[in-house]
Amino acid sequence: ATHQSDPACLFCKIVAGEVPGEVVHVTERTVAFRDINGQAPTHVLVVPRAHYENAAALAAGDPEAAAELLTSAAAVATAEGHDDYRLVFNTGAGAGQTVFHTHLHVLAGRALTWPPG
Ligand code: 5GP
Ligand code: ZN
(Lines give C-alpha, C1' and ligand atoms only; values in the text may rest on other atoms or scores of the structure.)
(Ligands and ions follow the chains in the order given, each with its own letter.)
Protein backbone atom coordinates (compact mmCIF):
# COMPACT_ATOMS: atom_id res chain seq x y z
CA ALA A 1 0.00 0.00 0.00
CA THR A 2 1.10 3.55 -0.57
CA HIS A 3 0.86 6.14 2.15
CA GLN A 4 1.28 9.27 0.10
CA SER A 5 -2.16 10.81 0.41
CA ASP A 6 -5.79 9.88 0.95
CA PRO A 7 -8.10 12.23 -0.95
CA ALA A 8 -10.82 11.76 1.68
CA CYS A 9 -8.54 12.56 4.63
CA LEU A 10 -8.91 15.93 6.39
CA PHE A 11 -5.29 16.09 7.56
CA CYS A 12 -3.96 15.15 4.11
CA LYS A 13 -5.95 18.14 2.84
CA ILE A 14 -4.43 20.44 5.47
CA VAL A 15 -0.93 19.17 4.59
CA ALA A 16 -1.68 19.85 0.91
CA GLY A 17 -3.06 23.33 1.66
CA GLU A 18 -6.49 22.34 0.34
CA VAL A 19 -8.12 22.99 3.74
CA PRO A 20 -6.92 25.95 5.81
CA GLY A 21 -4.81 25.29 8.87
CA GLU A 22 -2.90 27.61 11.21
CA VAL A 23 0.52 26.11 10.53
CA VAL A 24 3.13 26.85 13.20
CA HIS A 25 6.06 24.58 12.23
CA VAL A 26 7.09 22.55 9.22
CA THR A 27 9.87 20.06 8.56
CA GLU A 28 10.75 17.78 5.69
CA ARG A 29 8.36 15.06 6.88
CA THR A 30 5.97 16.87 9.25
CA VAL A 31 3.52 19.75 9.49
CA ALA A 32 2.29 21.24 12.80
CA PHE A 33 -0.91 23.29 13.04
CA ARG A 34 -3.20 24.52 15.82
CA ASP A 35 -6.08 22.32 16.88
CA ILE A 36 -9.37 23.90 15.78
CA ASN A 37 -10.86 23.13 19.22
CA GLY A 38 -7.90 23.83 21.48
CA GLN A 39 -7.99 22.28 24.95
CA ALA A 40 -5.08 24.32 26.35
CA PRO A 41 -3.35 27.65 25.57
CA THR A 42 -1.03 25.65 23.31
CA HIS A 43 -2.78 22.80 21.51
CA VAL A 44 -0.96 21.89 18.33
CA LEU A 45 -1.23 18.77 16.19
CA VAL A 46 1.95 17.45 14.56
CA VAL A 47 1.28 15.20 11.58
CA PRO A 48 3.41 13.34 9.08
CA ARG A 49 3.01 14.61 5.53
CA ALA A 50 2.37 11.00 4.49
CA HIS A 51 -0.89 9.30 5.38
CA TYR A 52 -0.62 6.64 8.10
CA GLU A 53 -3.68 5.92 10.17
CA ASN A 54 -2.03 5.76 13.57
CA ALA A 55 1.28 6.10 15.37
CA ALA A 56 2.12 2.39 15.24
CA ALA A 57 1.57 2.23 11.47
CA LEU A 58 3.78 5.30 11.04
CA ALA A 59 6.54 3.88 13.22
CA ALA A 60 6.48 0.61 11.28
CA GLY A 61 6.30 2.26 7.86
CA ASP A 62 8.49 5.34 8.27
CA PRO A 63 10.50 5.40 11.49
CA GLU A 64 12.34 8.55 10.47
CA ALA A 65 9.04 10.42 10.17
CA ALA A 66 7.93 9.01 13.53
CA ALA A 67 11.07 10.37 15.17
CA GLU A 68 10.60 13.69 13.41
CA LEU A 69 7.11 14.02 14.93
CA LEU A 70 8.74 13.97 18.37
CA THR A 71 11.43 16.49 17.54
CA SER A 72 8.86 18.75 15.87
CA ALA A 73 6.60 18.53 18.93
CA ALA A 74 9.45 19.55 21.22
CA ALA A 75 10.36 22.41 18.88
CA VAL A 76 6.77 23.68 18.98
CA ALA A 77 6.63 23.53 22.79
CA THR A 78 9.94 25.38 23.07
CA ALA A 79 8.94 28.00 20.50
CA GLU A 80 5.76 28.70 22.50
CA GLY A 81 7.78 29.06 25.71
CA HIS A 82 6.84 25.86 27.49
CA ASP A 83 9.20 23.66 29.50
CA ASP A 84 6.29 21.48 30.61
CA TYR A 85 3.98 19.91 28.06
CA ARG A 86 2.07 16.76 27.24
CA LEU A 87 2.33 14.68 24.06
CA VAL A 88 -0.56 12.34 23.19
CA PHE A 89 -1.33 9.86 20.41
CA ASN A 90 -4.94 8.71 20.62
CA THR A 91 -5.08 5.33 18.87
CA GLY A 92 -8.48 3.85 18.03
CA ALA A 93 -11.97 5.23 18.50
CA GLY A 94 -12.19 3.85 22.03
CA ALA A 95 -9.19 5.98 22.99
CA GLY A 96 -10.69 9.11 21.43
CA GLN A 97 -9.16 9.00 17.95
CA THR A 98 -11.48 10.78 15.52
CA VAL A 99 -9.13 11.59 12.63
CA PHE A 100 -7.39 8.54 11.21
CA HIS A 101 -4.23 10.29 10.02
CA THR A 102 -1.55 10.06 12.70
CA HIS A 103 -1.33 13.20 14.81
CA LEU A 104 0.65 13.97 17.91
CA HIS A 105 -1.17 16.35 20.26
CA VAL A 106 1.07 18.95 21.95
CA LEU A 107 -0.72 20.42 24.99
CA ALA A 108 0.76 23.10 27.24
CA GLY A 109 0.15 26.33 29.07
CA ARG A 110 -2.12 25.16 31.85
CA ALA A 111 -1.94 22.64 34.68
CA LEU A 112 -2.24 19.13 33.20
CA THR A 113 -3.45 16.50 35.62
CA TRP A 114 -2.61 12.81 35.61
CA PRO A 115 -4.23 10.35 35.03
CA PRO A 116 -6.01 12.06 32.14
CA GLY A 117 -9.40 10.31 32.51
P1 5GP B 1 -8.21 12.91 17.91
O2 5GP B 1 -9.52 13.01 18.64
O3 5GP B 1 -8.35 12.10 16.63
O4 5GP B 1 -7.05 12.47 18.74
O5 5GP B 1 -7.84 14.40 17.52
C6 5GP B 1 -8.35 15.03 16.39
C7 5GP B 1 -8.21 16.50 16.63
O8 5GP B 1 -8.41 17.18 15.40
C9 5GP B 1 -9.26 17.07 17.60
O10 5GP B 1 -8.60 17.62 18.73
C11 5GP B 1 -10.00 18.12 16.77
O12 5GP B 1 -10.34 19.27 17.51
C13 5GP B 1 -9.04 18.41 15.65
N14 5GP B 1 -9.65 18.80 14.40
C15 5GP B 1 -10.74 18.26 13.82
N16 5GP B 1 -11.03 18.87 12.67
C17 5GP B 1 -10.08 19.83 12.51
C18 5GP B 1 -9.83 20.80 11.49
O19 5GP B 1 -10.53 20.90 10.49
N20 5GP B 1 -8.77 21.62 11.68
C21 5GP B 1 -7.96 21.54 12.78
N22 5GP B 1 -6.96 22.41 12.85
N23 5GP B 1 -8.16 20.62 13.75
C24 5GP B 1 -9.20 19.79 13.61
ZN1 ZN C 1 -4.25 11.60 5.67
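User: Which residues come nearest to ligand 1, and what makes a residue count as near a molecule at all?

Analyst: Of the 14 residues around ligand 1, those that come nearest are Ile36, Asn37, Asn90, Gln97 and Thr98; a residue is near a molecule or strand if its C-beta atom, placed from the backbone, lies within 6 Å of it. This is a predicted model, in which local features need pLDDT of at least 70 and side-chain atom pairs count only at pLDDT 80 or more, while totals for chains, interfaces and linings use all residues. Residues are numbered from 1 along each chain as its sequence is written, and chains are lettered from A and ligands numbered from 1 in the order in which they are written.

User: How do the residues of the shell around ligand 1 divide?

Analyst: The shell holds five nonpolar, seven polar and two charged residues, where Ala, Val, Leu, Ile, Met, Phe, Trp, Tyr, Cys and Pro count as nonpolar, Asp, Glu, Lys and Arg as charged, and the others, Gly among them, as polar.

User: Is histidine 103 buried or exposed, and how do you know?

Analyst: Histidine 103 has 24 other C-beta atoms within 10 Å and is therefore buried, because that term asks for 20 or more other C-beta atoms within 10 Å of a residue's own, whereas 12 or fewer make it exposed and counts in between partly exposed, with C-beta atoms placed from the backbone. The residue is in the loop between E4 and E5, and UniProt, in an unreviewed entry, places the feature "active site" at His103; such annotations may be inferred rather than shown by experiment. Leaving aside neighbours within four places in sequence, histidine 103 is in contact (C-beta atoms, placed from the backbone, within 7 Å) with Phe11, Leu45, Val46 and Val47.

User: Why is proline 115 classed as it is for exposure?

Analyst: Proline 115 has 4 C-beta neighbours inside 10 Å, so this residue counts as exposed. Proline 115 is in the segment after strand E5 (104-108), and the peptide bond that leads to proline 115 from tryptophan 114 is cis, with omega near 0°. As a general background, most peptide bonds are trans.

User: What makes E2 and E3 a pair of strands?

Analyst: Strands are DSSP runs of at least two residues, and helices (H or I) runs of at least four, numbered from the N terminus; two strands pair if DSSP finds at least two bridges between them. Five bridges join strand E2 (residues 30-34) to E3 in an antiparallel arrangement, so the condition of at least two is met. Within this pairing, alanine 32 stands opposite valine 46, and valine 31 has valine 47 as bridge partner. E3 also pairs with E5, again antiparallel, over five bridges, one of which links threonine 42 with alanine 108.

User: Why are E1 and E4 said to stand at the edges?

Analyst: The open sheet of five strands has the order E1-E2-E3-E5-E4, with antiparallel pairing. Strands E1 (23-26) and E4 (86-88) each have a single partner strand, so one side of each is left without a neighbour in the sheet.

User: How many residues of strand E3 are buried?

Analyst: Six of the seven residues in strand E3 (residues 42-48) are buried, and the strand is thus mostly covered.

Conventions: Two residues are in contact if their C-beta atoms, placed from the backbone, lie within 7 Å.
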